[in-house]
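Subject: Structure for you to look at

Hello,

Here is the structure I said I would pass on, with the sequence alongside. My notes on what turned up follow below it.

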Amino acid sequence: LDLSKDFASGNGDAVEDEELVIAADSNGLSTKLDLARAYLDMGDDEGARQILDEVVAEGSEELRAEARTLLNR
């Protein structure tokens, strides 16, 4: 299995570093949103609120909307 062409630079298929950073940030905040849901399921409203506040402050519009919905709940 040769994946070298998937990661080659200079062709149109390569992912830019900036896109990787955005994906990593988004993925981390998505994980935080999942963690906040788990806290809510366990009854830890304050722990969930802290995490949701982070997502509202740093997340994409979609993640912020989801976090706000959970905060309002």
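The largest nonpolar core has 11 residues: Leu29, Leu33, Ala36, Leu40, Ala48, Ile51, Leu52, Val55, Leu63, Ala67 and Leu70. Helix H1 (17-42), helix H2 (45-58) and H3 each contribute at least two residues to this core. As general background, nonpolar side chains in soluble globular proteins tend to be buried together. Please keep in mind that this is a predicted model.

Leucine 40 is one of the core residues. Setting aside neighbours within four places in sequence, leucine 40 is in contact with Asp45, Ala48, Leu70 and Arg73. Of these partners, Ala48 and Leu70 are themselves listed in the core.

The overall layout

The chain holds three helices and zero strands, and along the sequence the pattern reads α-α-α. Of its 73 residues, 18% count as buried. The accessible surface of the chain comes to about 5500 Å², and carbon and sulfur atoms account for 49% of that surface. Take the contacts between residues at least 6 apart in sequence: 33% of them join residues at least 24 apart.

Helix H3

H3 covers residues 61-72, which makes 12 residues. At 1.5 Å a residue the helix should span 16 Å, and its end C-alpha atoms are 16 Å apart, so the expected and computed values agree. Which residues of H3 are buried? They are Leu63, Ala67 and Leu70. These residues cover an arc of only 60 degrees around the axis, so they sit on the same side of H3. Each of them also appears in the core list: Leu63, Ala67 and Leu70. On the face of H3 turned away from the buried side are the exposed residues Glu62, Thr69 and Asn72.

Salt bridges

How many salt bridges does a search of the whole structure find? The count is six. In general terms, side chains of opposite charge can pair when their charged atoms come close. Three of the pairs are described here, and one network.

- Lysine 32 and glutamate 54: the closest N and O atoms of this salt bridge are 2.3 Å apart. The pair links distant parts of the chain, with lysine 32 in helix H1 and glutamate 54 in helix H2, 22 residues apart. Lysine 32 has a relative accessible area of 29%, so it is partly exposed. Glutamate 54 is partly exposed as well, at 30%.

- Glutamate 66 and arginine 37: here the closest N and O atoms are 2.1 Å apart. Glutamate 66 is in helix H3 and arginine 37 in helix H1, so this pair ties together parts that are 29 residues apart in sequence. Arginine 37 has a relative accessible area of 28% and is therefore partly exposed.

- Arginine 64 and glutamate 61: their side chains meet in a salt bridge at 2.4 Å, N to O. Both lie in helix H3, three residues apart, so about one helical turn separates them. Arginine 64 is partly exposed, with a relative accessible area of 22%, and glutamate 61 is partly exposed with 47%.

The network consists of Asp34, Arg37 and Glu66, which are linked by salt bridges.

Glutamate 66

Is glutamate 66 buried, partly exposed or exposed? At 30% relative accessibility, glutamate 66 counts as partly exposed, because buried means under 20% and exposed means over 50%. Not counting residues up to four places away in sequence, glutamate 66 touches Leu33 and Arg37. The C-alpha atoms of glutamate 66 and leucine 33 are separated by 8.2 Å, although these residues are 33 residues apart along the chain. Leu33 belongs to the core described at the start, while Arg37 is the salt-bridge partner of glutamate 66.

Glycine 28

Glycine 28 has its place in helix H1. Its relative accessibility is 33%, so glycine 28 counts as partly exposed. What separates glycine 28 from glycine 59, in sequence and in space? They are 31 residues apart in sequence and 9.5 Å apart in space, C-alpha to C-alpha.

Regards

How values were computed: Residues numbered from 1 in each chain as written. Predicted model: local features only at pLDDT ≥ 70, side-chain atom pairs only at ≥ 80, totals over all residues. Heavy atoms only, no water. Helix = DSSP H or I, 4+ residues; strand = E, 2+ residues; numbered from the N terminus. Expected span 1.5 Å × (residues − 1). Buried < 20%, exposed > 50% of the residue type's maximum accessible area, 1.4 Å probe, protein only. Arc of directions from axis to C-beta. Contact = heavy atoms within 4.5 Å. Areas by Shrake-Rupley, 256 points an atom, 1.4 Å probe, with all protein chains shown as cover. Core = buried A, V, L, I, M, F, W, Y, C linked by side-chain atoms within 4.5 Å. Salt bridge = Lys/Arg side-chain N within 4 Å of Asp/Glu carboxyl O.
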